[in-house]
Amino acid sequence: MSSSEAAHRSGFACFVGRPNAGKSTLMNGLIGSKVAITSDKPQTTRHAIRGIVDRTDAQLIIVDTPGLHRPRTLLGQRLNDLVHETWSEVDVIGFCVPADQKIGPGDRYIAEQLAKVAKRTPVIGIVTKTDVVGKQRVAEQLLAMQELMEFTEIIPVSAVEQFQVDELAGVLSAQLPEGPQLYPGGELTDEPESTLIAELIREAALEGVRDELPHSLAVTIEEMAPREGKEDLVDIYAVLHVERQSQKAIVIGRGGERLREVGSQAREHIQKLLGSKIYLDLHVKVSKDWQQDPKQLRRLGF
Ligand SMILES: Nc1nc2c(ncn2[C@@H]2O[C@H](COP(=O)(O)OP(=O)(O)OP(=O)(O)O)[C@@H](O)[C@H]2O)c(=O)[nH]1
């Protein structure tokens, strides 16, 4: 086969890395549309939201996995199982390490897990956030990465400045098997809209809340339908589940002020996603110890 007739490739990729490594931001940069959730707080990404990168030479389907943590609760265990399952199913894994932080136990834990679970999957080492450090530091981090584990390739990127993001798409694509487009062009995500909407509400509800809420907050969409006689307006009824009464008070805020803010911020994002006006009804409910209860976990989609 001549090199000018390189075959089309298609397949799956996912990103790993310690909390805050920049995975979600990088995925958004690759896909060019906001489908995963970014937050200053660790471990906000829960669902396997997929985005698709269509190139002339390849279709790269990105699976977003939750953060890997040392499991302490049943939810933590489920999340880790989900991560391991994803790793064994994808064609290539991108391992993100931020340029501005030393490689530490968190990174080594992931490297160990990868060696155990994903022995045959190629892993690309990605030094993220190169815009926040100097060239010298990037070079040091690239060298340190070589000690961490055996990577198929190592590449520095900045999602914020779109530095080498296209190159990364090429490097990942090169690891995919030959094959046609798996999803018809133009389709950015195959995640149901309700999951995306629940994530947008969750993201808004976590904004500015510092304590342990990230692990204690889940969102379900109870009902979503165009209003009768007013087809350009969509009614959405969502429930925010917390574990304790005290957390309910935090989410609602004094006089309901915080919840109103959460509602208006989420509404703005959802309207963008759906391209139509929405009415958003938010209800906060105490679902006791949902992280420990298998029945509740299933109901909340874990
Ligand atoms: N300056 C800079 N900041 C970045 C870049 N990429 C991500 N960030 C910031 O780093 C923080 C974490 O980014 P995320 O994309 O949420 O990280 P993550 O790895 O998905 O985090 P978890 O969901 O907690 O696992 C956010 O505040 C981002 O804005 C980058 O290329 N440059």
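**Notebook: strands, helices and loops of a predicted model**

**Entry 1. Strands β5 and β6.** I began with a single bridge and found that G125 has I154 in β6 as its bridge partner. I then followed the chain between the two strands: it leaves β5, passes through helix α4 (residues 135–148) and arrives at β6. I recorded this β-α-β crossover as right-handed. The pairing of β5 with β6 is parallel and extends over 4 bridges. I kept in mind that the model is predicted.

**Entry 2. The chain as a whole.** I next looked up the overall make-up of the protein chain. I counted 10 helices and 9 strands in its secondary structure. The chain has 302 residues, and 35% of them are buried. I also looked up how far apart in sequence the contacting residues are. Of the contacts between residues at least 6 apart in sequence, 69% join residues at least 24 apart.

**Entry 3. A residue in α4.** I returned to helix α4 and selected A144, which is found there. Is A144 buried, exposed or partly exposed? I found 14 other C-beta atoms within 10 Å of A144. A residue needs 20 or more to be buried and 12 or fewer to be exposed, so A144 is partly exposed. I then looked up the separation of A144 from I103, a residue 41 positions away along the chain. Their C-alpha atoms are separated by 7.4 Å.

**Entry 4. Helix α5 and its cover.** I asked which residues of helix α5 (residues 165–173) are buried. They are L168, V171, L172 and S173. I then looked up what covers these buried residues of α5, and the cover includes the strands β1 (9–16) and β3 (58–63). It also includes β4 (92–98), β5 (123–128) and β6 (153–156). Thus β5 and β6, the strands of my first entry, appear again here.

**Entry 5. The loop before α5.** I examined the loop between β6 and α5, where Q162 is found. Q164 has its place in the loop between β6 and α5 as well. I looked up the backbone angle phi for each. Most residues other than glycine have a negative phi. Phi of Q162, however, is positive, near 55 degrees. For Q164, also not a glycine, phi is positive at about 65 degrees. I counted 13 other C-beta atoms within 10 Å of Q162, which is partly exposed. Q164 has 18 such atoms within 10 Å and is likewise partly exposed.

**Entry 6. The sheet of β7, β8 and β9.** I noted an open sheet of 3 strands, in the order β7-β8-β9, with mixed pairing. Why does one side of β7 and one side of β9 lack a neighbour in the sheet? I found that β7 (218–227) and β9 (277–286) stand at the edges with a single partner strand each, so one side of each is left without a neighbour in the sheet. From one strand to the next, the twist averages 15 degrees.

I then took the two pairings in turn. Strands of a sheet pair through backbone hydrogen bonds, either parallel or antiparallel. I recorded β7 and β8 as antiparallel, over 9 bridges. Within this pair, E223 stands opposite Y237 in β8. The hairpin of β7 and β8 has 2 residues between the strands, and G229 takes a positive phi near 80 degrees in that hairpin.

On the other side, strand β8 (residues 230–242) pairs with β9 in the parallel sense over 10 bridges. I looked up two positions in this pair. L233 stands opposite K277 in β9, and V239 has H283 in β9 as its bridge partner.

**Entry 7. Helices across the sheet.** I looked up which helices lie across β8 and β9. Helix α8 (residues 245–252) lies across them and runs at about 155 degrees to β9. Helix α9 also lies across β8 and β9, running at about 135 degrees to β9.

**Entry 8. Helices α6 and α9.** I then asked how α9 (residues 257–274) meets α6 (residues 193–206). Their axes come within 9 Å and cross at roughly 145 degrees. The crossing is right-handed. From α6, I listed L196, I197, L200, I201, A204 and A205 in the contact. They meet V262, Q265, A266, H269, I270 and L273 in α9. I sorted the residues of this contact by character and obtained 10 nonpolar, 2 polar and no charged.

Technical notes:
Residues are numbered from 1 along each chain as its sequence is written. This is a predicted model: local features need pLDDT of at least 70, side-chain atom pairs count only at pLDDT 80 or more; totals for chains, interfaces and linings use all residues. Two residues are in contact if their C-beta atoms, placed from the backbone, lie within 7 Å. Axes are lines fitted to C-alpha atoms, for helices over the stretch in contact, and angles run from 0 to 180 degrees between N-to-C directions. A crossing is left-handed if the near helix is turned anticlockwise from the far one by less than a right angle, and right-handed if clockwise. Ala, Val, Leu, Ile, Met, Phe, Trp, Tyr, Cys and Pro count as nonpolar, Asp, Glu, Lys and Arg as charged, and the others, Gly among them, as polar. Two strands pair if DSSP finds at least two bridges between them. A crossover is right-handed if, with the strands pointing away from the viewer, the path from the first strand over the helix to the second runs clockwise.
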